[in-house]
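Subject: Structure handover

Hi,

Here is the structure we talked about. Please open it alongside this note, and the findings follow below.

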Amino acid sequence: MIAVTGAAGFIGYHVAEALLARGDAVLGIDNMNAYYDVTLKEARLERLRANPKFSFLKADISDRAAMQDAAREFPDIAGVVHLAAQAGVRHSLTDPYVYVQANVMGQVVMLEFARAFQKLRHFVYASSSSVYGGNTKMPFAVADPVTQPNSLYAATKRADELIGYTYAHLYGLPSTGLRFFTVYGPWGRPDMALFLFTRAILKGEPIRVFNHGEMWRDFTYIDDIVNGVLRTLDRPPAGKPPHALYNLGNHRSEKLTEFIAILEETLGKKAEIRFEPMQPGDVPASYAEIEASQRNLGFEPATPIREGIPRFVRWYREHYRV
């Protein structure tokens, strides 16, 4: 059995679905919080529950007692994919406490949870491209310094990496952190650009584009991310300590205005764009160097934005009937 935290979330849902499709039993863990529309989380969860090999536990991953109880109830867990987190750079400016509770305490509690299982082969956890902060050397490489985070969210994800390393060092717990780069696709998060832009354009509302349009992102399609997560899970690190970090990105840095142009073309409707200054905590560009991911994981992203954006729009129109 594989435990997947954040199973009702965007990436967690897709990872759980892929694990079930290949025959794994999955324990999904999620607290179903209201950071964004809970009905979307419930819809994802309903699809997972249709599979008899899926079990669900509604619990907070930072709740020590709940996770200890779960370890006793599900003693055969062989892998943990820890994706639950408080996401969103801008929200960390208004509610910093929830980030430390969910992302830092949650990481410690889940590592202690993982230590309870004799059969555990690998603890895989979500980090973020945000850890690179204001780095200007492109593309971002795992070996680059990550000591100047631009947001509290980024700081908590870097803390997760340090804590993961420490547990690997102290207890020999095989752990791998994955730095995700701007993940998008069907069943995506409503607080992210593609979802926000699609909804606004269809409603005839303006979209906000920061840094006056000088924004570049390594947009990575969800299927490519899931492929990378499963490849990671199946390849525990063997070093001393057994800890690894990888970038999972599309290895292309696309200008946001080009991303919007493809979305406009797909929707058949022009966007009303409001150019605004850079937002606090944000960064102007991201770009993943993935040589180690290709070499060690066989990770090969295959979905350009010209294919990925229309797939999201098809899902959006079907799901929301617009």
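A residue counts as buried at under 20% relative accessible area and as exposed at over 50%. Keep in mind that this is a predicted model.

Helix α3 first. It spans residues 64-73, and its buried residues are M67, A70 and A71. These cover an arc of only 100° around the axis, so they sit on the same side of α3. R72 and E73 are on the other side of α3, and both are exposed.

What do the buried residues of α3 pack against? Their partners are β2, β3 and α4, the last being residues 96-115. Look at the start of α3 too. There, a side-chain oxygen of D63 comes to within 3.2 Å of the backbone nitrogen of A65.

Now the sheet. It is open, has 7 strands and shows parallel pairing. The strand order is β3-β2-β1-β4-β5-β6-β11. β3 (54-58) and β11 (243-248) are the edge strands, and each pairs on one side only. From one strand to the next, the twist averages 20°.

Strand β2 covers residues 26-30. It runs parallel to β3, and 5 bridges join the two. In this pair, G28 of β2 stands opposite F56 in β3.

One more helix to check. α5 (residues 152-171) lies across β5 (122-128), β6 (175-180) and β11. Its direction is at about 155° to β5.

Best wishes

Conventions:
Residues are numbered from 1 along each chain as its sequence is written. This is a predicted model: local features need pLDDT of at least 70, side-chain atom pairs count only at pLDDT 80 or more; totals for chains, interfaces and linings use all residues. Side-chain values use heavy atoms; hydrogens and water are left out. Two strands pair if DSSP finds at least two bridges between them. Helices (H or I, at least four residues) and strands (E, at least two) are DSSP runs, numbered from the N terminus. Axes are lines fitted to C-alpha atoms, for helices over the stretch in contact, and angles run from 0 to 180 degrees between N-to-C directions. Contact means heavy atoms within 4.5 Å. Buried means under 20% relative accessible area, exposed over 50%, partly exposed in between (1.4 Å probe, protein chains only). The arc is that of the directions from the helix axis to the C-beta atoms. A polar contact is a pair of N or O atoms within 3.5 Å; within protein, one must be able to donate a hydrogen and the other to accept it, and residues adjacent in sequence count only if both atoms are side-chain atoms.
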